[in-house]
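Hi there,

Here is the structure I promised to pass on. Have a look at it first, and my notes come straight after.

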Amino acid sequence: MKREAVVTGIGVVAPGAIGATAFWDLLTAGRTATRHVTLFDATTFRSRIAAEVDFDPAEHGLDEEQAARMDRYVQFAAVAAAEALADSAPPLAEVPPWRVGVSMGTAVGGTTRLERDYVEMSQEGADWVVDRSAASPHLYRALTPSVLSGEIAELVGARGPVRTVSTGCTSGLDAVGYAAQAIEDDLADVVVTGAAESPISPIAMACFDAIKATSDSNDDPARASRPFDRDRNGFVMGEGAAVLVLEEASIARRRGARIRCRVAGFANHGNAFHMTGLRREGEEMARAVTTALDRARRSATDVDYVNAHGSGTVQNDRHETDAVKRSLGEHARRVPVSSIKSMVGHSLGAIGSIELAACVLAMDTGVVPPTANLSAPDPECDLDYVPVTAREHRTDVALSVGSGFGGFQSAVVLDRGE
Amino acid sequence: MTVVITGLGTVSPAGVGTDGYWDAVSEGRSLIAPIPDFDTDGFHVRLCGKVPGFDPHQHIEGRYVVQTDAFSWFAMVAADEALRDSGLDTGTDPYATGVLICSCAGGVEFGQHEIAALWSGGPDHVGPYQSIAWFYAASTGQISIRNGLKGMCGVLVTDEPGMLDALGQSEGALRRGTSAMLVGGSEAPLGSPFSLACQAGADVLSAGDDPSSAYLPFTERASGYVPAEGAAVAVAEDAATARARGARIRAVVAGHASTFGGVGAFDPGGAGLLHAARGAMDRAGIGPDDVDVVFADAVGTPKADADEAAMLRELFPGGVPVTAPKAGFGRAYAGAGALDVAAAVLSLEHQVIPPTPQVSDAPCGLDLVVRVPRVAPLRTALVLSRGLGGGNSAVVLRHPDHA
């Protein structure tokens, strides 16, 4: 009997919405959470807008010690994990801890704390040899994002395979894909998986300023993230986390768990082209889609909904549109394709998992979220992007795609099982 | 599905290349030296294992050098050697070969320069390569691009065990249709004072200033480890694929397992590492009597060493030769497990157990190989690794004639 991974719980910390219910309300209302940056003074920056999470760790059950120890992105993950565990109630008492794993994605990890401490230790960048005595006691935990999966493992009581996945902006898809494979390959029975990011810090914003990848629509932040629109001008930085509880299907069935969907197929490829550039044709992303569908034993025409990478850069939107056409053929013109980055921004490594949570909710509710701010499509982008307004639409098979710096191209297929 | 290693490359404190690495390791040479680039008085660490005289321009095209940190240079150079060594044809089908290079600290020296530029000059002083040099995925991405490899491309951050976990992950990738995986670990955490300050915060670095006594794992004088830099990359393939193309099989990856032991403490009690070792041996279908040598994690703190020694005594009641070549050059984070895997492959090939440098005796009830290399019939090696983030991993490597 082939082992399969099913989703039995989700948790979300997103800009403008903490908790899966609030998140889904925001998306289906087509509301945008993009605004002027408040987390630091961005006056001198080219892009001064972001999708921020209004987050008080104490309000979400983290004590003072946890709040001090965990970097902001880890706090997001801990809160999302707690929600996902409550939603799923996985049978942790029956599954040996050695068979419980964690697979969490992040692109830039503890950047925010690293930078904050660095500024203190270097007299605002003046001293190359920093003053170690000015470091916070938890600094060593910021250098290496293995701490993200470690903290979630502590929370869950996992003692099996615990890993952080860091493939840039596809981390959130890859982490979940690897988690499902760990279950398929009999390395674990339960895997808590997802991704987290808190990159709204000067250095992370500045590095995207430097290559003009982010939007500078500073006068109109609510409408700045405009995937597939003629007037788009880059992505809007976001932050957040999403966590999914995956279980081996027979265990979930036996305990009568509410099975939300199956993680049916996953594939990832490098484009072997450029660290930030994309070839228009989208061949590698298309290949990831085709392979993920093959692994799910689904055909292109089975896909009911495509959750797009849809970052809102010209090159991404065209690359991705071509990749979807290349992989789904004529069916690409019939299937709804939407980008929630229009509402919650682009939270780098986290967004892939947040988008998978959106796919789960779309399957649950029979509604697909819209692409907000899409009023005049780019003529080169000619698919059905569900502009502005959410749509009632039954989804049995959802496809989520992602693309990231480093050339990473990933695809995950969710379905209701066979 | 049997995963085999058909190519190997290293950049280590012994220099570029596996030949020099094996010479130094098998002789038990000490490669530990003062941290050369800046005054580390405030960091309570004075010594390191640095790659000597490394000039990236000797090995890598300028356009790649300028947009990457040293951790990616080491990875690219080790990958070049591994690919050459494997004789793999990567040109026919770009999707046939994937890449998975692990790192703990990413391009931290590059990052420190850019953060300094930002805070002293403003956002427009940050260069265009910060977005692609600092993040943990930089090495996998650049190796994919530089070598035209479009197979499964990934990055794990599991600290020192990274390479061991990458070998485990490669089995899943090969089973799903990738023909070959370029897997490794790479780290360059020494050139940035800020990086050293981060490492020093965990209170596990040796403060010693005598290269002969600063890193003495499994001894009563153990007082932390010496940080190091370096990389190792291997080409992993399915045995059948490798044989069909007439490749030289350097070692069989017979089993892998990983467990979690808690954040910030190197698996207190050793139960996690023990479980990982047993898991890897079970998957390899072997028992304790089949293991001819253990490459120990050897953190070099009294507690972590005692836990590992106790776990080894429990797993091998009849004893087993144990070694820790890294005592001669330090602990290179994601490069550490990778360089241990490389040492184990070379050890099986040469039928020689390299000694644990600097250490003259081991009062911890282990058969620690010290002072001189030990010639022995070696069929099976067990490699162990732990990370401060909580990961414990074990890999069983077997000589291809005895797998």
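Below is what I found, going from the domains of chain B to its contact with chain A.

Please keep in mind that this is a predicted model.

Let me begin inside chain B. The domain assignment splits chain B into domain 1, covering 3–244, and domain 2, covering 256–402. Their C-alpha centres are 20 Å apart. Where the two meet, 60 residues of domain 1 of chain B are in contact with 54 residues of domain 2 of chain B. On the domain 1 side, at least two residues each come from β1 (3–12), α1 (18–27), α7 (162–175), β8 (180–187) and β9 (230–238) of chain B. That side of domain 1 is made up of 33 nonpolar, 20 polar and seven charged residues.

Now to the two chains. Chain B brings 66 residues to the contact and chain A brings 70. Which helix of chain B gives the most to the side that touches chain A? That is helix α8 (residues 193–200), with seven residues. By class, the side of chain B that touches chain A holds 34 nonpolar, 27 polar and five charged residues.

There is also strand pairing from one chain to the other. Strand β6 of chain A (residues 162–165) pairs with strand β7 of chain B (residues 156–157) in the antiparallel sense, over two bridges. If you would like a place to start looking, Thr164(A) has Val157(B) in β7(B) as its bridge partner.

Happy to talk it through whenever suits you.

Best wishes

Technical notes. Residues numbered from 1 in each chain as written. Chains lettered and ligands numbered in written order. Predicted model: local features only at pLDDT ≥ 70, side-chain atom pairs only at ≥ 80, totals over all residues. Domains from an automatic or database assignment. Contact = placed C-beta atoms within 7 Å. Helix = DSSP H or I, 4+ residues; strand = E, 2+ residues; numbered from the N terminus. Nonpolar A, V, L, I, M, F, W, Y, C, P; charged D, E, K, R; others polar. Pairing = 2+ DSSP bridges.
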